[in-house]
Amino acid sequence: MQITEIYTSLQGESTHAGLPCVFVRLTGCNLRCTWCDSEYTFTGGHKMTMEAVLDEVSRLTPDGGLVEITGGEPMLQEREVVPLLDALLQRGYTVLLETSGERPLGKVPPAVIKIVDVKCPDSGEGDTFRLENLETLTPRDEVKFVLGSRADYEFARDFTRQHNLNGRVNAVLFSPAFRKDATGARDSSHCLLDPQQLAEWILADNVAARLGLQLHKFIWDPAVKGV
Ligand code: SF4
């Protein structure tokens with residue numbers, strides 16, 4: 001499979017935020033979100049066998065733990081990724097899969113925790129979520145909306161209610177988007193949507209969503225890669 005990088009950091013998002021995690025970042029994406037901070041994954045990378053990926057994960061976290069398969073869009077390499085997910089589960093890892101939900105998710109092993117990023121209008125990739133994927137969601141999964149405006153918030157709020165996401169998954173996450181040229185200050189000044197404003201909207205509408213901040217962008221310089 002084509003890999004951009006494998007590294008250890010703290011999980012920055014989801015209900016696992018703050019935990020040490022090995023990230024396996026696959027190369028390639030078929031979307032072009034306006035605020036994407038992973039454009040360096042679109043091309044390049046290097047080929048690795050599944051055994052080589054497993055060896056590297058084991059070297060980085062010999063005692064097990066959390067592994068996230070991410071990208072780019074990892075499900076573009078479904079034929080290689082599904083056996084890798086199975087192999088990681090067999091070795092006892094807790095496995096997260098971060099995906100846009102634009103590719104079919106039916107072959108993902110149910111024990112994998114899917115973090116499905118439903119694209120909102122300001123991303124420029126709204127309407128790319130494959131609605132059939134709702135049927136693949138399990139109570140261990142999480143659905144994330146990255147928000148840049150009031151219109152994005154209303155889309156996420158209405159989608160959450162319309163599709164009863166709280167009845168399907170472990171967590172619904174609303175996260176302010178970061179400016180992709182963010183650098184320097186490690187604070188919310190780089191958010192496209194003020195977290196305080198988002199919190200007030202969530203409370204006013206009583207939406208059962210968890211406000212998420214990208215923890216790694218408050219710990220390290222937002223421009224730093226590999227964290
Ligand atoms: S799906 Fe992810 S990697 Fe692809 S363009 Fe959007 S944010 Fe970037």
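This dialogue goes through the ligand site, two helices, and several strand and loop residues of a predicted model.

Reader: What should I keep in mind about numbering and confidence before I begin?

Author: Residues are numbered from 1 along each chain as its sequence is written, and side-chain values use heavy atoms, with hydrogens and water left out. Since this is a predicted model, local features need pLDDT of at least 70 and side-chain atom pairs count only at pLDDT 80 or more, whereas totals for chains, interfaces and linings use all residues.

Reader: Which residues surround the ligand?

Author: A residue is taken as near a molecule if one of its heavy atoms lies within 4 Å of it. Here the ligand is surrounded by Cys-29, Leu-31, Arg-32, Cys-33, Trp-35, Cys-36, Phe-42, Gly-72 and Lys-119. When residues are sorted by class, Ala, Val, Leu, Ile, Met, Phe, Trp, Tyr, Cys and Pro count as nonpolar, Asp, Glu, Lys and Arg as charged, and the others, Gly among them, as polar; the shell around the ligand then has 6 nonpolar, 1 polar and 2 charged residues.

Reader: How is a pocket recognised, and which space does the ligand take?

Author: Rolling a probe the size of a water molecule over the atoms shows where empty space is left. On a 1 Å grid over the protein atoms alone, a cavity is a set of points where a 1.4 Å probe fits but cannot get out, while a pocket is an open set with protein on both sides within 12 Å along at least five of seven lines, and lining residues have an atom within 4 Å of a point. A molecule sits in such a space if more than half of its atoms lie within 2 Å of its grid points, and in this model the space taken by the ligand is the largest pocket. With grid points joined across faces, edges and corners, and volume taken as the space filled by probe spheres set on the points, the largest pocket holds about 880 Å³.

Reader: How many residues line the largest pocket, and which lie nearest its centre?

Author: There are 47 lining residues, and Arg-25, Asp-37, Ser-38, Gly-71 and Gln-214 are those nearest the centre. Helices (H or I, at least four residues) and strands (E, at least two) are DSSP runs, numbered from the N terminus, and the elements giving two or more residues to this lining are β1 (2–10), β2 (20–26), β4 (66–70), β5 (94–99), β7 (142–147) and α6 (216–219). By class, the lining divides into 19 nonpolar, 12 polar and 16 charged residues.

Reader: Gly-71 and Gly-72 both appear in your account; what kind of peptide bond joins Gly-71 and Gly-72?

Author: The bond is cis, with omega about 10°, and Gly-72 belongs to the loop between β4 and α2 (78–90).

Reader: How do I read the two sides of a helix, and which residues of α1 are buried?

Author: One compares burial with direction: buried means under 20% relative accessible area, exposed over 50%, and partly exposed in between (1.4 Å probe, protein chains only), while the arc is that of the directions from the helix axis to the C-beta atoms. In α1 (residues 50–60), Val-53, Leu-54 and Val-57 are buried, and they lie on the same side of α1 because they cover an arc of only 100° around the axis. Asp-55 and Arg-59 are exposed on the other side of α1.

Reader: Which residues of α5 are buried?

Author: In α5 (residues 195–205) they are Pro-195, Leu-198, Trp-201 and Ile-202, which cover an arc of only 120° around the axis and therefore sit on the same side of α5. The face turned away from that buried side carries the exposed residues Gln-196, Leu-203 and Ala-204.

Reader: What phi value does Asp-127 have?

Author: Asp-127 has a positive phi of about 70° although it is not a glycine; the residue is found in the loop between β6 and β7 and is exposed, with a relative accessible area of 78%. Asn-206, also not a glycine, has a positive phi of about 50°, lies in the loop between α5 and β9 (210–211), and counts as exposed at 68% relative accessibility.

Reader: Is Ile-113 buried or exposed?

Author: Ile-113, in strand β6 (residues 113–117), counts as buried because its relative accessibility is 8%. Its C-alpha atom is separated by 6.2 Å from that of Leu-97, 16 residues apart along the chain.
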